[in-house]
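Reader: Could you pick one part of this model and take me through it closely? I'd like one connected story, starting with the chain as a whole and ending at the level of a single side chain.

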Amino acid sequence: MIRNIANLVPMMKNGPSECNAALQFAVTTLQVENILVIGHSSCAGIEALMKMQEDTEPRNYIHNWVANGKVAKSKTKAATSHLCFDQQCRFCEKESINQSLLNLLSYPWIKDRVRKDLLSIHGGYYDFSKCSFEKWTLDFKECNVNEERSSYVVKEKEFWC
């Protein structure tokens, strides 16, 4: 289990971190069959990300970390500009999970095991106010992962109340 602010998985190109080491150990040594990235409602890390100014450099450890979610923030702003800030944060909470799932595919040992159907990548979201949990699985074959523009498709979705 890896726990961090906003449940973000950085791209591999961002360099070594405890997150990267734990992922590599889990996938290559323990040979886990599933990775589940779980986010939650009212996430203060996502709120910090959404409040960050676009044109400023991250100025502390928190901002340096949540900056890993900039792609999710950009997608959120583009899709939800008509919504209030709280609704944009709820959207970004889920979008950041999906971006983290795509970022997992930037690790060659993960991408290789996913391609061979030895590893599945799942997203999850716990909504505190509704006491509900959603889980979905990324369809690797339908994903397009690159730095400029990435897209994803969900192949299975479950919902519990």
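Author: A contact here means heavy atoms within 4.5 Å. With that in hand, start with the whole chain, bearing in mind that this is a predicted model. Among contacts with a separation of 6 or more, 63% join residues that sit 24 or more positions apart. The overall dimensions come next: for 161 residues, a compact globule would have a radius of gyration near 15 Å, and the protein chain agrees, because its own value is 15 Å. Along the principal axes, the C-alpha atoms fill a box of roughly 40 × 40 × 25 Å. As for cover, 40% of the 161 residues count as buried. The accessible surface comes to about 9,500 Å², and carbon and sulfur atoms hold 52% of that.

Now the elements. There are six helices and four strands, and from the N terminus they run α-β-α-α-α-α-α-β-β-β.

The part I'd zoom in on is the sheet. The four strands make an open sheet in the order β1-β2-β3-β4, and the pairing is mixed. The edges belong to β1 (34–40) and β4 (154–160); each has a single partner strand, so one side of each is left without a neighbour in the sheet. Going from one strand to the next, the twist averages 20°. Helix α5 (residues 85–104) packs on this sheet and touches β1, β2 and β3 (132–138), with its direction at about 165° to that of β2. As for the β1 edge, it pairs with β2 (residues 120–127) in the parallel sense, over seven bridges. One spot to find by eye is Gly39, which stands opposite Tyr125 in β2.

From there, go to Trp136, in strand β3. Trp136 has a relative accessible area of 4%, and buried means under 20%, so Trp136 counts as buried. What covers it? Its contacts include Lys94, Ile97, Asn98 and Leu101, which fall within the residue range of α5. Trp136 also touches Ile121, His122, Gly123, Gly124 and Tyr125, which fall within the range of β2. From the range of β4, Val154, Glu156 and Lys157 are also among the residues it touches. There's a polar side to this too: the side chain of Trp136 makes a polar contact with the side chain of Asn98, at 2.8 Å.

If you're hunting for another tryptophan, Trp65 is 71 residues from Trp136 in sequence and 25 Å away in space, C-alpha to C-alpha.

Notes. Residues numbered from 1 in each chain as written. Predicted model: local features only at pLDDT ≥ 70, side-chain atom pairs only at ≥ 80, totals over all residues. Heavy atoms only, no water. Pairing = 2+ DSSP bridges. Helix = DSSP H or I, 4+ residues; strand = E, 2+ residues; numbered from the N terminus. Axes fitted to C-alpha atoms, helices over the stretch in contact; angles between N-to-C directions. Rg over C-alpha atoms; globule rule 2.2 N^0.38 Å. Buried < 20%, exposed > 50% of the residue type's maximum accessible area, 1.4 Å probe, protein only. Areas by Shrake-Rupley, 256 points an atom, 1.4 Å probe, with all protein chains shown as cover. Polar contact = N/O pair within 3.5 Å; in protein donor to acceptor, adjacent residues only side chain to side chain. Lists of a residue's contacts leave out its neighbours within four places in sequence.
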